[in-house]
Amino acid sequence: MNYKFRVSLTENSRITSLDFDNIPFGKVFTDHMFVADYIDGTWTNLEIKPLEYFSVHPANLAWHYGQSIFEGMKASRDEEGNPLLFRPELHAQRFNASAERMCMPTIPEDLFVQAISNLVAVEKKWIPPAKGSAMYIRPFMIATDEFIGVRPSNNYKFIIFTLPVGPYYSRPVKLKAEETYIRAAKGGVGDAKTAGNYAAALYPTKLAEQDGYDQVLWLDANEFKYIQEVGTMNIFFVIGDTVITPSTSEGTILRGITRRSIIALLKDKGYKVEERPLSIDEVVEAYDNGHLKEVFGSGTAAVVAMVNEIKYRDTIMKLDHESYKIAKLAKQTIDDLRARKTEDKHGWIVPATAENILVS
Ligand SMILES: *Cc1c(COP(=O)(O)O)cnc(C)c1O
């Protein structure tokens, strides 16, 4: 179905004040946003308009009881500057899975994708031209009922805003395997992209930072034995010639779209890739035997982040990220696809076009 969006464009674009060679991360927003309201059981007031504040009642249910979900995506551009999306329908599906878990309304997948497509097309001049730059896209949904008492909201807002981001030269990260705190337990909300998961991770992450580490390597909640994921990244290990990433079937790990794409691309290239439970002991043993070749995280923001140290109890595993081959190949392959430099055999790249807009 084709949705119609009302569009009002700003006459005072802020783009002229942006230094494309020096974009501070996470602080510069583009001119417009997409907004829709869920009222009386339907999505309505579909609109692209100048980014603005909106007022919320102090008893807003999202603030008190946490009905808040989000997605994170990136738009890239081809050589001619045409904006491109990467597997947007998977983000729509995951958004809806998060919505169902949090008792929030789903959004028709085509509405989600068209909203992003149109907004990105309107904002395409904000996609920085430099290699490795992109426009970060943040779709989210919050409850909007004003009510004190725990129940699902009746009304919601779905909003998408975007930010230009410079080339993400991610430095290697050091991880501390965590044995006191957990990120997610079986039956919990670990596979939903919901706000509370990130608030719960702040304190253990702060402790890891005080210990000289960048991020927590989460272990499972039952035995503190099986590796889960890291911050906002899934994790891969290369042991011998096998690429291993923890399986997501228990629902305690966020089902990353980068993770899924890397698995498919590495399999295409003939690598042996396993999705299975992976214990920290197996990783330590591989390290001791010299079989642990690479460790890297995967997520939309960095695509791939090399890991050069893991601490588990008294064991400190140091790795030479400069020597990584598979991590670099995975990143290069995805970056090339997103810049349309290689053939998109899987049909993952979707041009962002402004098609259904009603300029008002
Ligand atoms: C978003 C996220 C990821 C990565 O997912 P991508 O779809 O690859 O960006 C991994 N773990 C957590 C906890 C996340 O929130």
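**Exercise 1.** In this predicted model, find how far a nitrogen atom of the ligand is from an N or O atom in the side chain of E229. Then work out how much of the ligand the protein buries.

*Solution.* Start at E229: the gap between its side-chain N or O atom and the ligand nitrogen is 2.5 Å. Now put the ligand on its own, and you get 380 Å² exposed, of which the protein buries 97%. Next, look at the ligand's oxygen atoms. One oxygen atom sits 2.7 Å from a polar side-chain atom of K193, and Y198 also brings a polar side-chain atom to 2.4 Å from a ligand oxygen. Finally, zoom out: 15 residues surround the ligand, and the nearest are K193, Y198, E229, T258 and T300.

**Exercise 2.** Check the length of helix α2 (residues 88-101) against its residue count, then list its buried residues.

*Solution.* Take the 14 residues at 1.5 Å each; the expected span is 20 Å, remembering that the count is reduced by one before multiplying. The end C-alpha atoms are 20 Å apart, so the two agree. For burial, use the cut-off of under 20% relative accessible area. That picks out P88, L90, H91, A92, R94, F95, N96, S98 and A99. Just past the helix, check C103: its phi is positive, near 60°.

**Exercise 3.** Is V150 buried or exposed, and which surface patch does V150 belong to?

*Solution.* First locate V150, in the loop between β7 (134-143) and β8 (156-165). Its relative accessible area is 71%, and exposed means over 50%, so V150 is exposed. V150 joins Y65 and I148 in a nonpolar surface patch, with about 330 Å² of accessible area together.

Notes:
Residues are numbered from 1 along each chain as its sequence is written. This is a predicted model: local features need pLDDT of at least 70, side-chain atom pairs count only at pLDDT 80 or more; totals for chains, interfaces and linings use all residues. Side-chain values use heavy atoms; hydrogens and water are left out. Patches are made of residues with over 30% relative accessible area and no salt bridge: like charges are joined within 9 Å, nonpolar side chains (Val, Leu, Ile, Met, Phe, Trp, Tyr) within 5 Å. Accessible areas come from the Shrake-Rupley method with a 1.4 Å probe; for residues, only the protein chains shown count as cover. A salt bridge is a side-chain nitrogen of Lys or Arg within 4 Å of a carboxyl oxygen of Asp or Glu. Helices (H or I, at least four residues) and strands (E, at least two) are DSSP runs, numbered from the N terminus. Buried means under 20% relative accessible area, exposed over 50%, partly exposed in between (1.4 Å probe, protein chains only). A residue is near a molecule or strand if one of its heavy atoms lies within 4 Å of it. A polar contact is a pair of N or O atoms within 3.5 Å; within protein, one must be able to donate a hydrogen and the other to accept it, and residues adjacent in sequence count only if both atoms are side-chain atoms.
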